[in-house]
Amino acid sequence: APAFDEGTQGQAYWIERLKTRLSHFDDEPLCAADFETAAEYAVRCLAAGVAVAPTDLLLCAIAVRRDAGVFTTDPDFTNYATRVPVRLHVPRSGQSN
């Protein structure tokens with residue numbers, strides 16, 4: 001497998017590999033309530049001084065609606081979780097491969 005930073009061909013390889021892996025999952029349909037909930041979450045976060053990324057909050061809204069957790073190492077989600085009812089899955093530390 002080529003390194004990701006080996007130019008366009010290396011990147012194309014990894015993009016296709018990711019597409020293949022993601023193709024095994026169903027798309028999650030979105031509804032207007034998801035966007036409304038994300039906007040509500042944005043207001044809550046911004047009022048508390050928490051910077052927001054709209055896509056992140058849309059993911060939070062979808063996860064809450066589905067009663068699912070979000071698996072991420074992005075520290076922004078830890079900040080969101082102080083203001084919105086999203087559950088975060090924390091990666092285990094010290095796992096050996």
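**A friendly note on this predicted model**

1. Let's start with the overall picture. The protein chain has 97 residues, and 20% of them count as buried. Please keep in mind as you read that this is a predicted model. The accessible surface of the chain comes to about 7,300 Å², and carbon and sulfur atoms account for 55% of that surface.

2. Next, trace the chain from its start. Four helices and two strands make up its list of elements, and along the sequence they appear in the pattern α-α-α-β-α-β. Now look at contacts between residues at least 6 apart in sequence: 36% of these join residues at least 24 apart.

3. Helix α3 deserves a careful look. Does its length agree with what a helix should give? A better way to ask is this: what should the 13 residues of α3 span at 1.5 Å a residue? The expected span is 18 Å, and the end C-alpha atoms of α3 are 18 Å apart, so the two agree. You can check this yourself, because the expected span is 1.5 Å times one less than the number of residues.

4. Which residues of α3 are buried? They are Asp56, Leu57, Leu58, Cys60, Ala61, Ile62 and Ala63. Their cover includes α2 (32-47), β1 and α4 (75-80). When you turn the model, try showing those three elements together with α3.

5. Aspartate 34 gives a view of α3 from another helix. This residue is found in α2. Is aspartate 34 buried or exposed? Its relative accessible area is 2%, so it is buried, since buried means under 20%. Leaving aside neighbours within four places in sequence, aspartate 34 is in contact with Pro29, Leu58, Ala61, Ile62 and Arg65. Of these partners, Leu58, Ala61 and Ile62 are also among the buried residues of α3.

6. Just after α3 comes a residue with an unusual backbone angle to notice. Most residues other than glycine have a negative phi. Aspartate 67, however, has a positive phi of about 55 degrees although it is not a glycine. This aspartate lies in the loop between α3 and β1. At 58% relative accessibility, aspartate 67 counts as exposed, because exposed means over 50%.

7. Now for the largest pocket, which holds about 160 Å³ of space. Its lining consists of Leu59, Ile62, Ala63, Arg66, Ala68, Gly69 and Val70. Which element gives the most to this lining? The answer is α3, with four residues. Both α3 (54-66) and β1 (69-71) supply at least two residues each. By type, the lining residues divide into five nonpolar, one polar and one charged.

8. Finally, visit proline 85, in the loop between α4 and β2 (87-89). Its relative accessibility is 53%, so proline 85 counts as exposed. Even so, proline 85 has contacts beyond its neighbours within four places in sequence: these are with Tyr41, Arg44 and Val64. For a distance to try in your viewer, take proline 85 and alanine 63, which are 22 residues apart in sequence and 9.6 Å apart in space, C-alpha to C-alpha.

Note on methods: Residues numbered from 1 in each chain as written. Predicted model: local features only at pLDDT ≥ 70, side-chain atom pairs only at ≥ 80, totals over all residues. Heavy atoms only, no water. 1 Å grid on protein atoms, 1.4 Å probe; cavity = no way out; pocket = protein on both sides within 12 Å on 5 of 7 lines; lining within 4 Å. Points joined across faces, edges and corners; volume = space filled by probe spheres on them. Nonpolar A, V, L, I, M, F, W, Y, C, P; charged D, E, K, R; others polar. Buried < 20%, exposed > 50% of the residue type's maximum accessible area, 1.4 Å probe, protein only. Contact = heavy atoms within 4.5 Å. Areas by Shrake-Rupley, 256 points an atom, 1.4 Å probe, with all protein chains shown as cover.
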